[in-house]
Amino acid sequence: METERKALSVVFYALFTALIAGYFYAEFFTATVFSVSRKLTVCFAAFVLMYIATYSRVRSLEDRVKKFNTVRFFSWSMFVLYLVFLFSLLYMDSAFGRKLILFKDFHELEIYFESHSNLQLFDTILEYLEMLSNRVIKATTFNLLGNIAAFMPFGLFLPLLSLSCRRLRGFSLAMVLILLLAEGLQIIFMTGVFDVDDIVLNFIGALLVFGLVKTEFVQFIFRKKLLMI
């Protein structure tokens with residue numbers, strides 16, 4: 001049984017590797033355009049393959065430390081995959097007209113920042129609410145929920161992978177720094193808008209998941225079911 005589980009894990013690790021290698025090649029080295037839904041489908045398929053591989057591997061092991069290291073490798077793999085997905089979505093998604101363009105000089109960067117930034121707190125959020133009142137529902141809902149959902153996984157991965165982020169203070173500090181970096185890179189790559197309201201919405205999404213992860217029920221599910229150790 002242990003040999004069969006090890007063989008099964010190898011097969012699914014190989015399938016995961018092939019899927020990710022194919023996606024990376026198509027995303028970064030060809031003209032293939034992946035919609036958000038297709039990217040999410042790839043990520044979900046990769047998660048399933050990696051989870052089955054990890055589950056089979058853990059069940060074939062008896063040493064608890066090796067089990068923990070295997071699960072930790074799974075967690076880091078999923079986190080890196082999410083970061084790549086997020087990077088391509090924020091800075092390279094041609095479906096949203098985004099393309100990496102490095103600035104030539106600081107004057108050009110300054111001009112771009114002045115025309116592509118919002119430092120007025122709640123200005124964009126109030127604009128979204130006004131659009132909703134005018135029944136511009138689809139685009140507004142997509143923007144609002146998209147900003148909330150995009151950074152939600154950080155609420156899971158940061159406390160899972162970093163001890164210092166398991167308390168609200170450490171998690172909040174890490175998220176603020178991450179969000180400032182993410183918004184700042186949009187200016188540096190000249191492919192988006194630096195918006196303080198985006199930071200607020202992104203933080204709310206991550207904080208919601210962080211609060212959910214801290215509940216006793218979710219903690220039990222992770223320890224007994226998902227972490228498999």
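**Exercise 1. Contacts of M175**

Task: In this predicted model, find which residues M175 touches, leaving out those up to four places away in sequence.

Solution:
- Step 1. Start at M175 and skip residues up to four places away in sequence.
- Step 2. List what M175 touches: F151, F154, L158, F203 and A206.

**Exercise 2. The nonpolar cores**

Task: Which residues have the most contacts inside the largest nonpolar core, and which helix supplies its largest share?

Solution:
- Step 1. The largest nonpolar core holds 42 residues.
- Step 2. F151, F154 and M175 have the most contacts inside this core.
- Step 3. Helices α1, α2, α3, α4, α7, α8 and α9 each give at least two residues to the core.
- Step 4. The largest share, 10 residues, comes from α3.
- Step 5. A second core of 5 residues is separate; I125, Y128, L144 and I148 are among its members.

**Exercise 3. An aromatic pair**

Task: Classify the pair F79 and F157, then explain what it ties together.

Solution:
- Step 1. The ring centres of F79 and F157 are 5.1 Å apart, and pairing requires centres within 6.5 Å.
- Step 2. The planes of F79 and F157 make an angle of 40°. Under 30 degrees would be stacked and over 60 edge-to-face, so this pair is tilted.
- Step 3. F79 sits in α3 (residues 64–91) and F157 in α7 (residues 154–161), so the pair ties together parts 78 residues apart in sequence.
- Step 4. Buried means under 20% relative accessible area. F79, at 9%, is therefore buried. F157, at 10%, is buried too.
- Step 5. F79 and F157 also belong to one aromatic cluster with W76, Y82, F151 and F154.

Notes
Residues are numbered from 1 along each chain as its sequence is written. This is a predicted model: local features need pLDDT of at least 70, side-chain atom pairs count only at pLDDT 80 or more; totals for chains, interfaces and linings use all residues. Side-chain values use heavy atoms; hydrogens and water are left out. Rings of Phe, Tyr and Trp (its six-membered ring) pair if their centres lie within 6.5 Å; planes under 30 degrees apart count as stacked, over 60 as edge-to-face and the rest as tilted. Helices (H or I, at least four residues) and strands (E, at least two) are DSSP runs, numbered from the N terminus. Buried means under 20% relative accessible area, exposed over 50%, partly exposed in between (1.4 Å probe, protein chains only). A nonpolar core is a set of buried Ala, Val, Leu, Ile, Met, Phe, Trp, Tyr and Cys residues joined through side-chain atoms within 4.5 Å. Contact means heavy atoms within 4.5 Å.
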